[in-house]
Amino acid sequence: MAEGDVMTDLTALATPLGKRVQVRERHSDGLTATYLVDDNELVLSGHFPGFAIFPGVCLIECAHQAALLALPPGMTLASVERVRFHSPVFPGDEITVRLTIADRTGTARLTVRRPGVDQPLNAADIRLRYRERDDREHR
């Protein structure tokens, strides 16, 4: 990448996740994305050994990746305004991120489908604020 180029490719971002969230549906006010927590996620190896739980920071990362896919190019995370975790997420769970964007704020509700459980569980509610990126920050 040449000096001054703006990075907009999600594949170039550092992330604790083993892969990217997958967009399932775009809405006029945001999108719905999913992420399957694999048994071999690197973050699981040291997070409660013997009783692996997907770290909360990874749920925030799922919401952030969804927001970057919904926002116009050139936006960057300004703050994590609010996070409330409701249910743990385990290997084999599928996370669904329902993201709404309004006034540069991404509000995400993350639900989890767990094998053998009929109803999705509310995993987290997250609010992220974004701002336009100043290209001088990346030089």
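Q: Let's start with one residue. Leaving aside neighbours within four places in sequence, which residues is Val89 in contact with?
A: Keep in mind that this is a predicted model. With those sequence neighbours left aside, Val89 is in contact with Val37, Ile53, Phe54, Leu59, Ile95, Val112, Arg114 and Ala123.

Q: And how do I read the protein as a whole? What pattern does it follow along the sequence?
A: Going along the sequence you meet β-β-α-β-β-β-β. That is one helix and six strands.

Q: How are the strands arranged, and what is their order in the sheet?
A: The general idea is that strands of a sheet pair through backbone hydrogen bonds, either parallel or antiparallel. Here the six strands make an open sheet with antiparallel pairing, in the order β1-β2-β4-β5-β6-β3. At the edges you find β1 (22-27) and β3, each of which pairs on one side only. On average, and ignoring direction, neighbouring strands of this sheet are turned by 20° against each other.

Q: Can we zoom in on a pairing? Over how many bridges do β4 and β5 pair?
A: Nine bridges, in the antiparallel sense, join β4 and strand β5 (residues 105-113). As one example, Val97 has Leu110 in β5 as its bridge partner.

Q: Where do the nonpolar side chains go? Which residues touch the most other members of the largest nonpolar core?
A: As a general tendency, in soluble globular proteins nonpolar side chains are buried together. The largest nonpolar core here has 29 residues, and those touching the most other members are Tyr35, Phe54, Cys62, Val89, Ile95, Val97 and Leu110. The elements giving two or more residues to this core are β2, α1, β4, β5 and β6 (121-132). Helix α1 supplies the largest share, seven residues. For the protein as a whole, 35% of the 139 residues count as buried.

Q: Let's pick a residue in the helix. Is Ala66 buried or exposed?
A: Ala66, which is found in helix α1, has 0% relative accessibility, so Ala66 counts as buried. Not counting residues up to four places away in sequence, Ala66 touches Val21, Leu31, Ala33, Val97 and Leu99. You can also compare Ala66 with Thr34: they are 32 residues apart in sequence, and their C-alpha atoms are 9.0 Å apart in space.

Q: Now the rings. How many aromatic pairs does a search of the whole structure find?
A: To describe a pair of aromatic rings, you give the distance of the centres and the angle of the planes. The search finds two pairs. One of them is Tyr35 with Phe54, a stacked pair at 6.0 Å centre to centre, with 25° between the planes. Tyr35 lies in strand β2 (residues 30-36) and Phe54 in the loop between β2 and α1 (56-70), so this pair ties together parts 19 residues apart in sequence. Tyr35 is buried, with a relative accessible area of 1%, and Phe54 counts as buried at 3% relative accessibility. Then there are Phe51 and Phe90: their ring centres are 5.6 Å apart and their planes are at 65°, so that pair is edge-to-face. This second pair links distant parts of the chain, with Phe51 in the loop between β2 and α1 and Phe90 in the loop between β3 (75-85) and β4 (94-102), 39 residues apart.

Q: Which charged end sits over the ring of Tyr35?
A: That would be the one of Lys19, 4.3 Å from the centre of the ring.

Notes. Residues are numbered from 1 along each chain as its sequence is written. This is a predicted model: local features need pLDDT of at least 70, side-chain atom pairs count only at pLDDT 80 or more; totals for chains, interfaces and linings use all residues. Side-chain values use heavy atoms; hydrogens and water are left out. Rings of Phe, Tyr and Trp (its six-membered ring) pair if their centres lie within 6.5 Å; planes under 30 degrees apart count as stacked, over 60 as edge-to-face and the rest as tilted. Helices (H or I, at least four residues) and strands (E, at least two) are DSSP runs, numbered from the N terminus. Buried means under 20% relative accessible area, exposed over 50%, partly exposed in between (1.4 Å probe, protein chains only). A charge sits over a ring if NZ of Lys or CZ of Arg is within 6 Å of the ring centre and within 35 degrees of the ring normal. Two strands pair if DSSP finds at least two bridges between them. Axes are lines fitted to C-alpha atoms, for helices over the stretch in contact, and angles run from 0 to 180 degrees between N-to-C directions. A nonpolar core is a set of buried Ala, Val, Leu, Ile, Met, Phe, Trp, Tyr and Cys residues joined through side-chain atoms within 4.5 Å. Contact means heavy atoms within 4.5 Å.
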